[in-house]
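Visitor: Please take me through one part of this model in close detail. I would like a single residue placed in its surroundings, and then set against the rest of the protein.

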Amino acid sequence: MRFVPLAWAATPAAVRDSLRLLATLLLCVTAVSAARADRASGTWTGEFQLRGSYYWERSTRVVAPSSSVQLESPNGVRLGGEYLIDSITSASQAAGVLEDVRFTEIRHQGSVNVGREWDLGDAHLDLSANARVSREPDYLSVGGGVAAQLSLADRTTILRTSFNYLHDEVRQRFQTGGGSRPNMDGSIGSTFNENFEALALSVGWEQILSPVVYFQLTYQYGYMDGFLANAYRRVVVNDALRPESHPEVRRRHTLTGRLAFHLRATRTSVHLIYRSYYDNWRVGALTPEVRIYQRISRHALMRARWRHYRQTRAFFYEDVYPMDTPDDAFVTADPKMSRFHSNLLGFQILLRGSFLDGTPLEALRDLTFDLSFDYIWNTNRFGNGVIAEAGLRLPFG
């Protein structure tokens, strides 16, 4: 996937697709509101979410509206679904033969999930499954997974495990409309056709240490096999451009910990998060993060966060490849494979609709609205970036 501008800065087709989606989402909001108002059955409960995300950096812009719904039946079965569409604009050689220019694609993604919890007396067992399909003009991704959660000691101890599988089909699509790269002489090259598979296994432990202290530890192992490079990216080697080439197998290990505690006197919660990562490409990363949640009133909550990210380079990454680089050597021009570090500073405000009590809009008292803004200082070629997000959550039932 390639990441760029807001919908109104994207192609006309992207604008039309985004407007159609927004119209559909408004209809969904109306339908959900009506469902909440109909309390005659009193059987199903759930929530509807409407969210919009925006990402910007030097060569990439993404705008991504999405909607999701979660339902729970009288016997405890949970059902959910999500639909997302994003307009991704980036500097990509898909736009031409050898020239990096702005190129926009539209991605559609849909997912479903189902789950249920069983009461085992002193324990509770929760089982769930999910499936996801994501499609771009040159990319198809299909995946799914299962998860289990065992809650013990009045839910003060929670053990989690999950397994996910992903199959991706990687193609090429150029502005000429074809799936083959045009050659310098105007002829058409061969069709690009690659795939890769990915597996992820995670285990986790969550523990409530006291009424105001919480701890979480998660380990994940990931395995990817197949085409893991960028289908369009070219690398300068020996004064010539050649396709990027990555190893076909990548094994990753990720360990994440979180310690959270609440200060009752100031109504403040502090989360200390630490993530470490290493893979067989010799990319290692450390990510400490601090989040502070401050209750402003019974209607509003504010969150501030700072995150530092620092990583080593892949063993095959070079700023400039030497003249004697073999033709079969792994080469890359991906800034994410370089040694770099970044800092993120972000803020979020969450507003509950309970302040509408006693007004003509009291029907929306259960509505929750959140708005966040993050700024990233980055030392690699991507440069600094902005992430903005807004969301609406409406429970019903």
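Guide: What follows starts at one serine and then moves out to the cores and the whole protein. The model is a predicted one.

Take S372. This serine sits in strand β19, which runs over residues 368-378. Is S372 buried or exposed? Its relative accessible area is 11%. The cut-off for buried is under 20%, so S372 counts as buried.

Next, its surroundings. Neighbours within four places in sequence are set aside here. S372 then contacts R303, F347 and Q348. It also contacts I387, A388 and E389. S53 is a further reference point: 319 residues separate S53 and S372 along the chain. Their C-alpha atoms are 9.5 Å apart.

Now the nonpolar cores. The largest one has 21 residues. Which members touch the most others? They are V170, F196, F227, A231, W281, A314 and M337. Take A231 from that group. Leaving out residues up to four places away in sequence, A231 touches V170, R171, Q172 and F192. Another core lies apart from the largest one and has five residues. Among them are V235, V237, V331 and A333.

Finally, the whole protein. It has 397 residues, and 39% of them are buried. S372 is one of the buried residues. The secondary structure comprises one helix and 20 strands, with β19 holding S372. The exposed area is about 21200 Å². Carbon and sulfur atoms supply 61% of that area.

Key
Residues numbered from 1 in each chain as written. Predicted model: local features only at pLDDT ≥ 70, side-chain atom pairs only at ≥ 80, totals over all residues. Heavy atoms only, no water. Core = buried A, V, L, I, M, F, W, Y, C linked by side-chain atoms within 4.5 Å. Buried < 20%, exposed > 50% of the residue type's maximum accessible area, 1.4 Å probe, protein only. Contact = heavy atoms within 4.5 Å. Helix = DSSP H or I, 4+ residues; strand = E, 2+ residues; numbered from the N terminus. Areas by Shrake-Rupley, 256 points an atom, 1.4 Å probe, with all protein chains shown as cover.
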